[in-house]
Amino acid sequence: MAAIAAARHGAKVALVERYGFLGGMATAAYVLPLSVFSYNGRPTTGGIPWEFVQRLDRMGGACIEQPLNNVAFDPELYKLCMQRMVREEGIALYMNSYVTHVESERRTIKAVVFANKNGLEAVEGNCFIDSTGDADIAAEVGVPMQEWTKRYPLQPASYCFMLNGVDTKSHLVKKAMHHHLQGVNCHCLPVRERLLELSRTMKLPLFGGPWFCTTTHEGSVMVNMTRAEVDECDNRAFTDAQDRMREEIFLFADLLRKQFKEFRHSYVAATAVQAGHRQSRNIVGLHTITGEEYLAGVKYPDSVSRCAHPIDIHTTDGARQSCTFIKQAAYVPYRALVPADFPNLLVAGRTVSADRTAFASLRVQSSCMGMGQAVGVAAAQSLDEKQPVQKIDTGRLVKELKRMGAVLD
């Protein structure tokens with residue numbers, strides 16, 4: 001979203017992607033659905049993110065579920081649709097590339113260095129957007145990080161997987177795999193209660209939910225239930241946790257087959273490329289969004305995107321989850337995406353400057369898409385105005401985002 005927005009506003013854009021496809025957690029980690037695009041009967045995220053959803057829908061790759069406009073999708077068509085949109089803008093793509101180093105001078109980034117089959121390469125630029133999810137670029141150049149992440153247990157990672165051969169026409173599965181009810185946690189209660197019952201007489205791995213989601217294909221569901229407390233910025237710890245969860249995927253798949261007739265003929269058709277992250281690093285921005293502001297729906301003068309997902313905190317020591325539904329869609333100020341004293345760096349996505357409560361809602365994908373769109377426009381505007389990202393005309397930015405269809409009122 002950031003790359004497309006910047007390119008459409010006249011910037012020459014390079015996009016460095018660690019995998020051979022686009023889509024982030026949606027396609028690399030099978031995180032379904034995209035939520036929430038509407039709340040209280042009104043849109044919350046518009047512009048390029050909603051354009052993408054509509055294009056994916058026309059390709060037959062999306063299931064848009066009203067009234068929340070949560071979006072279930074076919075991950076393969078998602079990859080294709082996003083690839084087309086990026087290439088249409090003439091964006092230089094560096095796929096299968098892993099950032100290894102950042103060259104900077106007096107807190108101004110000069111280039112990012114990354115490794116791929118060509119060896120070490122570097123891209124120079126005048127403005128950089130960190131959409132790594134883990135603030136890899138920001139951390140490398142010394143941007144301060146939120147201290148609250150050290151005081152609380154990290155929200156667990158989950159390794160999602162696809163089951164085929166499921167009776168998706170059955171009442172149990174059909175009800176569970178559509179996430180369209182406002183104010184309702186869409187986990188599958190009958191399966192959850194049975195697993196909790198089994199856990200009293202046999203040793204089961206930690207699990208959440210479970211949440212099932214349609215992939216738009218009959219007989220196929222995406223499953224989110226594994227969990228592990230792990231710092232994904234620690235390679236060894238994340239490797240061990242992911243391997244452990246892969247074992248647990250097949251254990252849970254076997255349990256579902258044996259315990260529920262709806263899953264009797266099911267099998268693991270695919271596991272995600274990687275486990276999905278809920279939490280790692282958050283920058284200290286010019287403004288930190290607090291839970292009080294978030295719950296009150298505070299509208300900032302520089303509001304650039306919105307989010308309406310529940311405040312969703314998963315525990316790391318059991319199957320529990322704290323889920324608080326907000327009264328109205330919340331706002332994200334531009335300042336929460338801008339670190340102080342780094343004149344050409346912006347962030348988007350999970351790296352947003354927020355406290356624990358606000359972050360537990362902001363971390364979801366539709367919210368990240370809106371943030372990406374905002375900083376893409378801001379980056380192009382910074383170049384146009386020849387101003388550091390901290391000093392651009394935010395009134396102009398908000399006006400342009402509204403013109404593009406962003407929902408900011």
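Is Lys 402 buried, exposed or partly exposed, and what is the relative accessible area of Lys 402? In this predicted model, Lys 402 is partly exposed, with a relative accessible area of 37%. The legends below describe close-up views of selected side chains.

**View A. Lys 402 and Asp 409 form a salt bridge.** The closest N and O atoms of the two residues are 3.2 Å apart. Asp 409, like its partner, is classed as partly exposed: the relative accessibility of Asp 409 is 47%, and that of Lys 402 is 37%. Elsewhere, Arg 8, Glu 51 and Glu 89 are joined into one network by salt bridges that share partners. The structure holds 23 salt bridges.

**View B. A salt bridge connects Arg 396 with Asp 384.** The N to O distance between these side chains is 2.8 Å. Arg 396 belongs to helix α13 (residues 394–404) and Asp 384 to helix α12 (residues 365–385), so the pair ties together parts that are 12 residues apart in sequence. Arg 396 is partly exposed, at a relative accessible area of 37%, whereas Asp 384 is exposed, at 51%. The value for Asp 384 qualifies as exposed because that class begins over 50%.

**View C. Lys 261 and Glu 262 meet through their side chains in a salt bridge.** The separation is 3.4 Å, N to O. Lys 261 is exposed, with a relative accessible area of 59%. Glu 262, in contrast, counts as buried, at 10% relative accessibility.

**View D. Glu 293 is a buried acidic side chain without a salt bridge.** Glu 293 is found in helix α10, which spans residues 291–296. The nearest side chain of opposite charge is that of Arg 335, 7.3 Å away. This distance does not qualify as a salt bridge, because the criterion requires a nitrogen within 4 Å of a carboxyl oxygen. The side chain of Glu 293 does make a polar contact of 2.8 Å with the side chain of Tyr 300. When residues up to four places away in sequence are not counted, Glu 293 touches His 287, Thr 288, Val 298 and Tyr 300.

**View E. Tyr 19 and Phe 21 form a stacked aromatic pair.** The structure holds 8 aromatic pairs. In the pair of Tyr 19 and Phe 21, the rings lie 5.5 Å apart, centre to centre, with 5° between the planes. Both Tyr 19 and Phe 21 are buried. The ring of Phe 21 also carries the charged end of Lys 79 over it, 4.2 Å from the ring centre.

**View F. Phe 52 and Tyr 78 form an edge-to-face aromatic pair.** The ring centres are 4.7 Å apart and the planes are at 65°. This pair links distant parts of the chain, with Phe 52 in helix α3 (residues 48–58) and Tyr 78 in helix α4 (residues 75–88), 26 residues apart. Phe 52 is buried, as is Tyr 78. Together with Phe 73, these two residues are linked by ring pairs into a cluster.

**View G. The charged end of Arg 306 sits over the ring of Tyr 331.** The distance from the charged end of Arg 306 to the centre of the Tyr 331 ring is 4.0 Å.

Definitions and conventions. Residues are numbered from 1 along each chain as its sequence is written. This is a predicted model: local features need pLDDT of at least 70, side-chain atom pairs count only at pLDDT 80 or more; totals for chains, interfaces and linings use all residues. Side-chain values use heavy atoms; hydrogens and water are left out. Helices (H or I, at least four residues) and strands (E, at least two) are DSSP runs, numbered from the N terminus. Buried means under 20% relative accessible area, exposed over 50%, partly exposed in between (1.4 Å probe, protein chains only). Lys and Arg count as positive and Asp and Glu as negative; His and the chain ends are not counted. A polar contact is a pair of N or O atoms within 3.5 Å; within protein, one must be able to donate a hydrogen and the other to accept it, and residues adjacent in sequence count only if both atoms are side-chain atoms. Contact means heavy atoms within 4.5 Å. Rings of Phe, Tyr and Trp (its six-membered ring) pair if their centres lie within 6.5 Å; planes under 30 degrees apart count as stacked, over 60 as edge-to-face and the rest as tilted. A charge sits over a ring if NZ of Lys or CZ of Arg is within 6 Å of the ring centre and within 35 degrees of the ring normal.
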